[in-house]
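Here is a walk through a predicted model, taken one region at a time. Keep the structure open and follow along.

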Amino acid sequence: MLLLSEADVRRLLPIDQAISLLREAFGKLARGLADNQPRRRLALPTGAVLHYMPASDGKYFGIKVYATHPRFAAHFLFLLYRAEDARPLALFEANHLGRIRTGAASGLATDLLARPDAARVGIIGSGFQARTQLEAMLAVRQIREVRIWSRSPERRGRFAEECSATFQIQVGAPASAREAIERADIVVTATNAREPVLEASWIAPGAHINAIGSNQRSRRELPSELVQLASLVVVDSLEQSRMESGDLLMGLRDWGGVRELQDVVLNPQTRGPEGVTLFKSNGLALEDVAVAGWIYETAVAEGAGREIPVLESYS
């Protein structure tokens, strides 16, 4: 079995490849060739929480397991198996894997839902997920302007400086969230906020929104007015959204018009130029399986990773 480090994942999984892999994976899910189970959580009296989520893309299956504590770091692992014979193939350090696949899901949704001429990006949040979100937007649209806001002037300034240098595009760090969001064609919220981080009146006509920061029913980044304003709401999974999407649970009056990303992959939606579209991402294990399988195959071909022993099998 291979052990694949964070460095292996960063080197072997470019964002454009991850977007392509997720497009294929959601297509399989729509055709009944893949399976995803929602995230479950085990909460301890100490404040530690174990999160676990399994899925299969037909060729591979696996489980993401991560532990969090509000006062300490989070720890992410992913275990990949071969569907044909249940053989364990690889153990991943999965922090960066999660960042890339979350960015890729937003990139896929943006490619399907944003206007073709979308060129201005506004981001709220400069932490855990923001960089790969920006990278994904740059992969699917010809972006000319990026503005980032977060609560810490130092962090948002550093983020803007680093991303400007890395992606060769001018990234601004305005003094207010409103300045970052107004006139943006694509809006990304990537925060750990409990309450909304923007106002519906800031959103330009025809904008597309990726809300990716919250996957708990008691937290939300978007106000109810904005959720209800959207002409099209798309989720990665209705089942999981009904369990943990605070943005929608607190913001939607009627779930009847909510679409799943798998459906939009198979049947792209036409949109009016003034309509606001919303992708609410919770993060699926299927996304982890899809990118992990590709990383594993690439690592084997390149001789990357490190072999580790596995327990003797039993029959």
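Start at L44, which sits in the loop between β3 (40-43) and β4 (49-56). Is this residue buried, partly exposed or exposed? L44 has a relative accessibility of 41%, so it counts as partly exposed, since that class runs between the 20% and 50% cut-offs. L44 also has company on the surface: together with L42, L50 and Y52 it makes a nonpolar patch of about 320 Å².

Now look for the open space in the model. The largest pocket holds about 1600 Å³. Its lining takes in 49 residues, and those closest to the centre are F128, T191, N192, G213 and Q216. Several elements each give two or more residues to this lining: strands β3, β4, β5 (60-69) and β6 (72-82), plus helices α3 (95-113) and α8 (238-244). What kinds of residues make up the wall of the largest pocket? Sorted by class, there are 21 polar, 16 nonpolar and 12 charged residues in that lining.

One of those strands, β5, is home to A67. With a relative accessible area of 30%, A67 is partly exposed. If you want a feel for distances across the model, pick A67 and Q228: their C-alpha atoms are 34 Å apart in space, and the two residues are 161 apart in sequence.

Next comes the second largest pocket, with a volume of about 200 Å³. Here 15 residues do the lining, and H96, I100, R131, T132 and E135 are the ones nearest the centre. Helix α3 turns up again, giving two or more residues to the lining, as do α4 (130-140) and α5 (153-167). The class count for this second lining comes to six nonpolar, five polar and four charged residues.

That leaves the charged pairs. How many salt bridges does a search of the whole structure find? The search turns up 17. A good one to zoom in on is R141 with D111, where the closest N and O atoms are 2.9 Å apart. This pair ties together distant parts of the chain, 30 residues apart: R141 belongs to the loop between α4 and β9 (145-149), while D111 is in helix α3. The two ends of the bridge also fall into separate accessibility classes. R141 has a relative accessible area of 9%, so it is buried, whereas D111, at 30%, is partly exposed.

Another bridge joins the side chains of D117 and R115, at 3.0 Å from N to O. Why is D117 called exposed? Its relative accessible area is 53%, and the exposed class takes anything over 50%. R115 is on the other side of the scale: its relative accessible area is 16%, so it is buried.

The side chains of E145 and R147 form a salt bridge too, this time at 3.3 Å from N to O. E145 is partly exposed because its relative accessible area is 25%, while R147 is buried, at 10%. Finish with K64, R101, E287 and D288, which are joined into one network by salt bridges that share partners.

Notes
Residues are numbered from 1 along each chain as its sequence is written. This is a predicted model: local features need pLDDT of at least 70, side-chain atom pairs count only at pLDDT 80 or more; totals for chains, interfaces and linings use all residues. Side-chain values use heavy atoms; hydrogens and water are left out. Patches are made of residues with over 30% relative accessible area and no salt bridge: like charges are joined within 9 Å, nonpolar side chains (Val, Leu, Ile, Met, Phe, Trp, Tyr) within 5 Å. Accessible areas come from the Shrake-Rupley method with a 1.4 Å probe; for residues, only the protein chains shown count as cover. A salt bridge is a side-chain nitrogen of Lys or Arg within 4 Å of a carboxyl oxygen of Asp or Glu. Helices (H or I, at least four residues) and strands (E, at least two) are DSSP runs, numbered from the N terminus. Buried means under 20% relative accessible area, exposed over 50%, partly exposed in between (1.4 Å probe, protein chains only). On a 1 Å grid over the protein atoms alone, a cavity is a set of points where a 1.4 Å probe fits but cannot get out, and a pocket is an open set with protein on both sides within 12 Å along at least five of seven lines; lining residues have an atom within 4 Å of a point. Grid points are joined across faces, edges and corners, and a volume is the space filled by probe spheres set on the points. Ala, Val, Leu, Ile, Met, Phe, Trp, Tyr, Cys and Pro count as nonpolar, Asp, Glu, Lys and Arg as charged, and the others, Gly among them, as polar.
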